[in-house]
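Colleague: Please take a close look at the part of this model where the backbone departs from the usual, and then connect it to the rest of what can be said about the strands and the contact between the chains. One connected account will do.

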Amino acid sequence: MSIKRLSLYLLPVLLVVGCGGGGKAEGSGATEQKAMQTADATQSPAEGEKVSKFGIGPVQEPLNLPETIDEALAKKGEEIFDKKGCTACHELDSRKVGPPLRDVVNQRPPEWIMNMIMNPEEMILKDPVAQKLLEEYGVPMTNQNVSMEEARAILEYLRKAAKEKN
Amino acid sequence: MSRRTLILAGAIGVIGVGALFMGCPPKEKGAAKAGATAAEKVYVAPGEYDEFYAFLSGGFNGQLMVYGLPSGRLFRVIPVFSVFPRSGYGYTEETKAMLMTSHGFIPWDDTHHPELSQTNGEVDGRWIFINANNTPRVARIDLATMETREILEIPNSAGNHPSTFITMNTEYVTAATRFSVPIDIQKGTFKDVPIKDYAKEFKGTITFIKVNNDPNYEGEDRMEIAFQILVPGYDYDLAHCGKGPSHGWCFFTSYNTEQAHTLLEKNASQNDKDYIIAINWKRAEQCINEGKYHEFPAKYYHNYYDEKKHMAFSKVGDKVRVIFPSECEGLAYFLPTPKSPHGVDVDPTGEYIIGGGKLSADIPIHSFSKMIKAIENKEFEKVVEGIPVLKFESVNHCLVPKACIGPLHTEFDGKGYAYTSCFISSEIIKYDYEKCEVVDRIPVYYSIGHLLIPGGDSRKPWGKYVIALNKITKDRYLPVGPELNHSAQLIDITGEKMEMLLDFPTLGEPHYAQALHADLLKDRIVKIYNLEENEHPYAVKSENDVKIERKGNVVHIYMTAIRSHFNPDNIEGIRVGDTVYFHVTNIEQDWDIPHGFAVMGANEPNALIMPGQTLTIRWVPKKPGVYPFYCTDFCSALHQEMQGYIRVSPRGSNVPLKWGLDKAL
């Protein structure tokens, strides 16, 4: 193959690469960032499945939670749960718009729960467990702009709720 | 002649006639030739951002429009002085107060001159001000939310046209009378006098509004009337304030120095020269401090929107300080300027003051330093009502000769060139204003009014584009009936020759416009209102707190909205004769998820509620029955399910007041 011929083959590839590489950076910073997190998450899937154990979102390191409940944090979490509008769709023991949450900490990893709280749009689009929940409940979980600190407090509230039942 | 030949001959005839028409200069329609190169310059790929935000006044629509440049795409309509059924502005209980005046509630006005706030003469991206012409008012819009946050009524005024122009650090915003009026200063009203007594009875006022620039101030009531200056009964038209060496001064054009009160197009066009009035506002501050003013009664509304309470409030002013130029020497001077001047624009250095003599072909440029010298040397022609008239030769830098016909407004590129719009000759001219030499001209379509260069009236323009804001549209777009949207045209000014790039339609009538680089603003835009900070007295932040209260015939419904339900969504126990207030809090905390609320038979439009916000719709049911309410803004996959019912029983009915969600009442 002549060099000229080769360049004809290469050119479209370079163009594509060029466009992809130079793609949208400014203007959609959030999407870009999330896309990178996705890539990270898919590198550590649970064995044998496409499911990422922790889901997709800012929590990618194991939380290593102690057995005991931080009562003050749980109380704060309960307040945030109400204040952030979570009660519009969730109750502990019965199905409202979304699933009941009493046992959620026994059903999913705590990291997954925090990611679902903080990054619901992307979870619904990409995480198989979240997708299955959407199929069952029909209503996508809303993003209520919950911070990492607030999500951690809500998690503690849910951990406490699970313990109280037991 | 065969039939075929006949058709051919006919076709040639048509082409011939067509060609004749095409030969007329205006029919070339500008940039057709520019083609692909021009298209590339204005192309903003899907998902990409524009480089500039542009804010175009809407004239008789009472609004302010936000466009992107260079694409010319419309992003936002900001209601300012006009009610806005789309969002409920001016209709919801929270926003009605914004449009209160001493004449009562006014649903409309005519917006002309937006002005971006500046610090040290540079656009700073905090606020934009705009005037109401008809019932004199000045509004301040917060750029982070792009919502009107404050409206101040101007007493002792009419036709507030030379407004809103600001001083170099936004210390003051200007307002003034286009229409002089028989002000009864002692009473704060207009006198009942014969119109023919115009010259004797009618006066103008120039108002300086002080702006609270304190970044730590949390209130939205930032403007107050500092003082008014009583001036002769001319028509005051436009303004701009000094910068750099001329900081401390503002300049206002005037026409009708003939003091005509009828058929002004003839009777106010007699004098060869009218005046630019130069006001030394630092001197005015001294006179105020020295007590050289009169305090007169005046009733005027000051409305402002509290972003935490999500509600507008009104204060009513009851007096104003008025300075008489004859009692405050050094306050005001007249600069003779040909001929019925319209715009007055100060160059980025602050030295040159360019008047737009709209009936003249020469553009007068005055020199600030010459003006100061002339004042020192008392080079006065005469004194009118305590205001010295400086000699034209003593202040004039030059007349740009035969520049164009009907010059109106001027903007600057920061590279030593001025760009002036010429209404009658439908063109923009570019000239070296120091040398007074025209270097380029470009036709615009048609009859240009204002023009805009981003930052073009500041010390630091972004000299990349000029926008022509044209008054007449005619054949620029597909015809749509007798009424046509005004056209704007984007012109590249980076080269030696101006290059026409793009036409785009506007809303209402854009008069003046302003633009700033998107980097100054886009990362500071507010995306949601924090629900935790919502201090609205009828807000509900949690579904656990929804409730309904009856107080006699008044029913308050504390309601929430979130994808995809209202809580409560079943309500019973309302009676004919009740006045029902739906206080709806959108408890979403995600960007771009507003919910709209509408209830059947409401005599007011929907309320569009932003995340974290509370808005109230008033509803007076007239007949018994069950009526639906629903979300008007498609919010989610289950938006169609976002609905509810409210039951109305006859007057005196015993149906108990009940409400709920997800249960039978």
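**Backbone, sheets and interface**

Modeller: Asn145(A) sits in the loop of chain A between helix 7 (128-137) and helix 8 (148-165). The model is a predicted one, and in it Asn145(A) has a positive phi of about 55 degrees although it is not a glycine. Most residues other than glycine have a negative phi, and most peptide bonds are trans.

Chain B has departures in its peptide bonds. Ser163(B) and Thr164(B) are joined by a cis peptide bond, with omega about 5 degrees. Thr164(B) belongs to the loop that runs between strand 9 (147-153) and strand 10 (172-176) of chain B. A cis peptide bond also links Pro338(B) to Lys339(B), where omega is about -20 degrees. Lys339(B) is likewise a loop residue, placed between strand 20 (332-337) and strand 21 (341-346) of chain B.

From the loops, the account moves to the sheets of chain B. One open sheet has four strands in the order 3-2-1-35, and its pairing is antiparallel. Its edges are strand 3 (74-79) and strand 35 (513-517) of chain B, each of which pairs on one side only. Between neighbouring strands of this sheet the turn averages 20 degrees, direction ignored. Within the sheet, strand 2 (residues 63-69) of chain B pairs with strand 3 of chain B in the antiparallel sense over five bridges. There Tyr67(B) stands opposite Leu74(B) of strand 3.

Another open sheet of four strands in chain B has the order 31-32-33-34, again with antiparallel pairing. Strand 31 (448-452) and strand 34 (499-505) of chain B form its edges; each has a single partner strand, so one side of each is left without a neighbour in the sheet. The twist here averages 25 degrees from one strand to the next. Strand 32 (residues 465-470) and strand 33 (residues 487-492) of chain B run antiparallel and are joined by five bridges. Tyr465(B) has Asp492(B), in strand 33 of chain B, as its bridge partner. Helix 2 (residues 35-42) of chain B lies across strand 32, strand 33 and strand 34 of chain B, and runs at about 60 degrees to strand 34 of chain B.

Strand 45 of chain B takes part in both senses of pairing. Strand 39 (residues 570-575) of chain B runs parallel to strand 45 (residues 643-649) of chain B, with four bridges joining them. In this pair, Ile571(B) is opposite Ile646(B) of strand 45. Strand 44 (residues 625-631) of chain B runs antiparallel to strand 45 of chain B, and six bridges join these two. Val626(B) stands opposite Arg647(B) of strand 45 in that pairing. In a regular strand the side chains alternate between the two faces of the sheet.

That leaves the contact between the chains. It takes 19 residues from chain A and 19 residues from chain B. Together the chains A and B bury about 1700 Å², and 51% of this lies on carbon and sulfur atoms. Eight residue pairs are in polar contact between chain A and chain B, counting pairs with both residues at pLDDT 80 or more. On the side of chain A that touches chain B, four residues are nonpolar, eight polar and seven charged. The interface of chain A and chain B holds two salt bridges. One of them joins Lys83(A) to Glu532(B), with the closest N and O atoms 3.5 Å apart.

Conventions. Residues are numbered from 1 along each chain as its sequence is written. Chains are lettered from A and ligands numbered from 1 in the order in which they are written. This is a predicted model: local features need pLDDT of at least 70, side-chain atom pairs count only at pLDDT 80 or more; totals for chains, interfaces and linings use all residues. Side-chain values use heavy atoms; hydrogens and water are left out. Two strands pair if DSSP finds at least two bridges between them. Axes are lines fitted to C-alpha atoms, for helices over the stretch in contact, and angles run from 0 to 180 degrees between N-to-C directions. Contact means heavy atoms within 4.5 Å. Buried area is the accessible area (1.4 Å probe) that two parts lose on being put together, summed over both. A salt bridge is a side-chain nitrogen of Lys or Arg within 4 Å of a carboxyl oxygen of Asp or Glu. A polar contact is a pair of N or O atoms within 3.5 Å; within protein, one must be able to donate a hydrogen and the other to accept it, and residues adjacent in sequence count only if both atoms are side-chain atoms. Ala, Val, Leu, Ile, Met, Phe, Trp, Tyr, Cys and Pro count as nonpolar, Asp, Glu, Lys and Arg as charged, and the others, Gly among them, as polar.
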